[in-house]
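Reader: Could you walk me through this one, beginning with its surface and then moving inward?

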Amino acid sequence: MATPTTISAVELKLLTLQLSGKTMEEKLREAQREDRESRRLLSRARVENWDNTIAGHRRKKLEARELRLAAEEAERVATDMQYAKEEAERRQNAVGRAKRLQYYNQDPVRAFHSRVLLYQALQERDMQVALQKPSLEGPDASARLSSRPGTTRGGGGGRRLSRPASSSGAAAASAANPFCGSADHDAAADLRSRQWRAQLAQAHLQQIRDKLQRATAERSAERAEGAELARLDREFVHRERERTRERRAANVRMQGELVRMREEAAVREAEAREREAEEAEKARAWTARKARQTQLKKEIELKWFEESRQMRERLGEAQAQLSNNNESKLEEQVFKAVAAREERIDREERNQQEKKRMQQEELKEYFQEYQRKAEEAREQQKQEERELLQHYLQIRDQAVREQNERKATNLREGRSLQSFHMSQMSAVQDAKDKEKEDRLLNDRNMMEGFERDDRELHAYMKSVAEEPWAKDNSRLQKFISEETAPPSTVTTSARNRTPRTFRKVKKALENTKERLGFVPGRYTRIDCMRSNPIVTGPFK
């Protein structure tokens, strides 16, 4: 059994220090340092939000500066927004004024203004006539009418026509002097009447001059506009003629190309027929030559056979003749020349046999040579004929191949031209449809614009009729009521005075269309297809 070991406190402390590697003084200093650090952090966290410190003053200054900058930026933004709003209002007012001036410059509005000016002038003239009557009726009529309302033009911005000051003074003097006689009163009234008529004549002359000046300016403007429209019309007609000339030139070129293609096709077909005829003639010549050679061969063989037969017949006749002569003489020389005859006969037979053998050998050699030469000639002829036939076959194959290629090329070109022509026709039809739709849309937009302009003009007329200076003008009120009334209640004269109607617009459009050369009627797509030689030709 092991004995237990006892360790004292000093030894335990020493062992602990050895294991930790630090002394008690070092641990104490480390604990003090940690305590100071924790106190410092706690103090900093406590004084971090105080305002009576340097950092707090600095923070407050930065916050105040940021608030001041934000307020200045907000003020600048508000100022910019106010300035932009005012600028937008000014721009809107300027645009509205420009639109209003542009609207006032339109022909219907100008015509309405002219009519308003005319009715105002007529109303002023009525008042002037009414103002002239009292001077002729009696001495107190001018005094009675001087206090009547409506003796001056209404608030339309017009010029007030009044009697001369001298006349008024004279009238006042005569009214103040009760002892003034009737003769002086009549003379003063006559003077006032003459002065008033002279003033009215001058105003009338000035109005006539202004009217003439306006009419001259309008006529010159209309002439300038008519000259400009005529120039634009001439330019448009010139451009249309150029386009028509170009289209016709293009059509002529296309027709020339088509004619040239047809001529080339006809020339190629004629050349092909000529080549086929030449090949057929060569084939017939070759067949005739072959038949001639065969016939010649048969004739030569027949001739050789006939010659050999005749030769054999002549040999037989000669032998028969010789044997007859020998037999007549043999009776006399039978005994004298038996041996010689037999020897001669034997020799002749040998010679004959030798000759015959030699003839046979020569004939055999000649026949063999003839057969060999004939075989060689036949082989050479067969080779030549084979080569010639091969050459003819190559020529025929090449001609057939070229013909097929030409047919395929012509078919492809014809189909491409047909597709191009069809695409052109469809493009032209689409363009015409689009032009028609655009024209209809333009007509609808034009009619809508006319109706909108009429509504705006009627609204403007009604607003003019509501003006204070126009309420007492009966002619103007009647004209505005007739112009703004529905079509069913408008009189015939007012309906004839309407500046825009669909009938006039349509007639103007038709006249413009006829003037520009767009006559009614056109070719249909089927007619265009039937007029194309490629579509109706052999390339379908």
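Author: Gladly; bearing in mind that this is a predicted model, the protein chain exposes about 43,000 Å², and carbon and sulfur atoms supply 55% of that area.

Reader: And how much of the protein chain counts as buried?

Author: Of its 540 residues, 12% count as buried.

Reader: Back on the outside, which residues make a nonpolar surface patch?

Author: I7, L12 and L15 make a nonpolar surface patch of about 280 Å², and I7 is found in the segment that comes before α1, the helix spanning 9–20.

Reader: Changing topic, how many helices and strands does the protein chain have?

Author: The protein chain has 13 helices and zero strands, so that reading from the N terminus gives an α element at each step.

Reader: Now the inside: which residues of the largest nonpolar core touch the most other members?

Author: That core has 14 residues, and those touching the most other members are F112, Y460, M461, L476, F479 and I480. The elements giving two or more residues to this core are α4 (107–137), α8 (338–465) and α9 (474–484), with α8 providing the largest share, five residues.

Reader: What does I480 touch, leaving aside residues up to four places away in sequence?

Author: With those set aside, I480 touches F112, M461, K462 and A465.

Reader: And over the whole chain, what share of contacts between residues at least 6 apart in sequence join residues at least 24 apart?

Author: For the protein chain, that share is 68%.

Methods. Residues are numbered from 1 along each chain as its sequence is written. This is a predicted model: local features need pLDDT of at least 70, side-chain atom pairs count only at pLDDT 80 or more; totals for chains, interfaces and linings use all residues. Side-chain values use heavy atoms; hydrogens and water are left out. Helices (H or I, at least four residues) and strands (E, at least two) are DSSP runs, numbered from the N terminus. Buried means under 20% relative accessible area, exposed over 50%, partly exposed in between (1.4 Å probe, protein chains only). Contact means heavy atoms within 4.5 Å. Accessible areas come from the Shrake-Rupley method with a 1.4 Å probe; for residues, only the protein chains shown count as cover. Patches are made of residues with over 30% relative accessible area and no salt bridge: like charges are joined within 9 Å, nonpolar side chains (Val, Leu, Ile, Met, Phe, Trp, Tyr) within 5 Å. A salt bridge is a side-chain nitrogen of Lys or Arg within 4 Å of a carboxyl oxygen of Asp or Glu. A nonpolar core is a set of buried Ala, Val, Leu, Ile, Met, Phe, Trp, Tyr and Cys residues joined through side-chain atoms within 4.5 Å.
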